Amino acid sequence: MLSRRLCSTLEAICLPVGAALVSLLVFGVFCALAGANPVEVYASIYKGAFGSWFSWQNTLIRAAPLMLSSLCTLLPFQLGLVIIGNEGALVVGGVAAVAAGLALPAAPPLIAQVAMALAGTVSGGLWVAFAGALRHYRGVNETISSLLLNYIAIALMNHLVEGPMRDPSSLNKPSTYALAEANMLGTLPGTRVHYGLLFGLIACTLAYILIRRTTFGFAARTAGGNLRAARMAGLPVGQLTLAICFLAGSCAGLAGTLEVAAVHGRANESLNANYGYTGILVAFAARHNPLAAILCAILLGGILASGGILQRAHQLPDATILVFQGIVFLTVLFTDSLYGKLPIFSPFRHRQGLPNKKDSWRPWRIGG
């Protein structure tokens, strides 16, 4: 008979691997129906994502915002909240960062960059904290409200980019005025990868420490695991909700700041590149573990980086990569429901008739 710890370890390894294999199989069928050779498609994905140092740099550039945006879903989940307002917080943060940078044209570069980072993180934090406040104080479903806030944020960006903040010289693609070259974020020595990658790595590491090694994180996990017990223990559930949501939105807002300060140099429709939505997939694929989110962000970043080569080499539609992401998301959600329910991985519980592990750890919804 296998030990409990070994069963838990095998479960944590086998289910994600199984989800990946099923995703590859289903996507292979899709490619075959589209007239492409699945083996050649996967070879092209690997080549475009990890086949060379140039490919690796493209992957890491895309992984940086994914790490940060994944925390927008990952952190509130500790409280039992399902926030999917990542894209809205990222867009708001990017626009706010550009506004701050343009408002300080004569400031020293360091001052301007700090102001842009503060504007982006605070704006993104307040954007998601609003959804958390609606949930706690008015009982509004945070998933629906954060999703709708995405559309409001994108509409607000379009209004500003095509109106008050528009650069008259941007004719074909409405954009804001460009940030000063001195205020742009540099790249790591000898690479094309900007310093945003370090911000993503640091943010995920700090998030893990916050969740697993601090009293604040313990209080959040306690409130997410049993709301009634948390209130009986005197935990400030409302403050925890607002604080977690603000931190989550701040990470996504920082991702938007990095996109304008390190990649685009201005705000336009390119800011709405679905990094926020992909960040949701990263959070669920990592099972809401900040350290695992780093690896998942790199893998998803590689998939995004390989989109162009599929279109050129196999004449597949540009949205093929989005189909792949959707298949991965569905399989991850399905396998997530299997944790603690398969007899092979929970022999003790099934033999003794104990509650499923999945049911015992799933956070209860705040305010529910």
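Biologist: Happy to look at this predicted model with you. At which residue does α3 bend?

Modeller: Helix α3 covers residues 53-77. Its axis turns by about 30°, and the residue where this happens is Leu71.

Biologist: Thanks! What distance does α3 reach from its first C-alpha to its last?

Modeller: The helix has 25 residues. At 1.5 Å a residue, 36 Å would be expected. The value in the model is close to that, at 35 Å.

Biologist: And how many of the residues of α3 are buried?

Modeller: Buried here means under 20% relative accessible area. The helix is largely enclosed by the rest of the structure, because the number of its 25 residues that are buried is 21.

Biologist: Let's turn to the rings. Is the pair of Phe27 and Phe30 stacked or tilted?

Modeller: The structure holds seven aromatic pairs. In the pair of Phe27 and Phe30, the centres are 6.0 Å apart and the planes make an angle of 20°. Planes under 30 degrees apart count as stacked, so this pair is stacked.

Biologist: Which of these two counts as buried, Phe27 or Phe30?

Modeller: Both lie in helix α1, three residues apart, so about one helical turn separates them. Phe30 has 30% relative accessibility and therefore counts as partly exposed. With 0% relative accessibility, the buried one is Phe27.

Biologist: Nice. What is the angle between the planes of Phe50 and Trp56?

Modeller: Trp56 is partly exposed, because its relative accessibility is 33%. Its ring and that of Phe50 lie 4.9 Å apart, centre to centre. The pair is tilted, with an angle between the planes of 55°.

Note on methods:
Residues are numbered from 1 along each chain as its sequence is written. This is a predicted model: local features need pLDDT of at least 70, side-chain atom pairs count only at pLDDT 80 or more; totals for chains, interfaces and linings use all residues. Side-chain values use heavy atoms; hydrogens and water are left out. Helices (H or I, at least four residues) and strands (E, at least two) are DSSP runs, numbered from the N terminus. The expected span of a helix is 1.5 Å times one less than its number of residues. The bend at a residue is the angle between axes fitted to the seven residues ending there and the seven starting there. Buried means under 20% relative accessible area, exposed over 50%, partly exposed in between (1.4 Å probe, protein chains only). Rings of Phe, Tyr and Trp (its six-membered ring) pair if their centres lie within 6.5 Å; planes under 30 degrees apart count as stacked, over 60 as edge-to-face and the rest as tilted.
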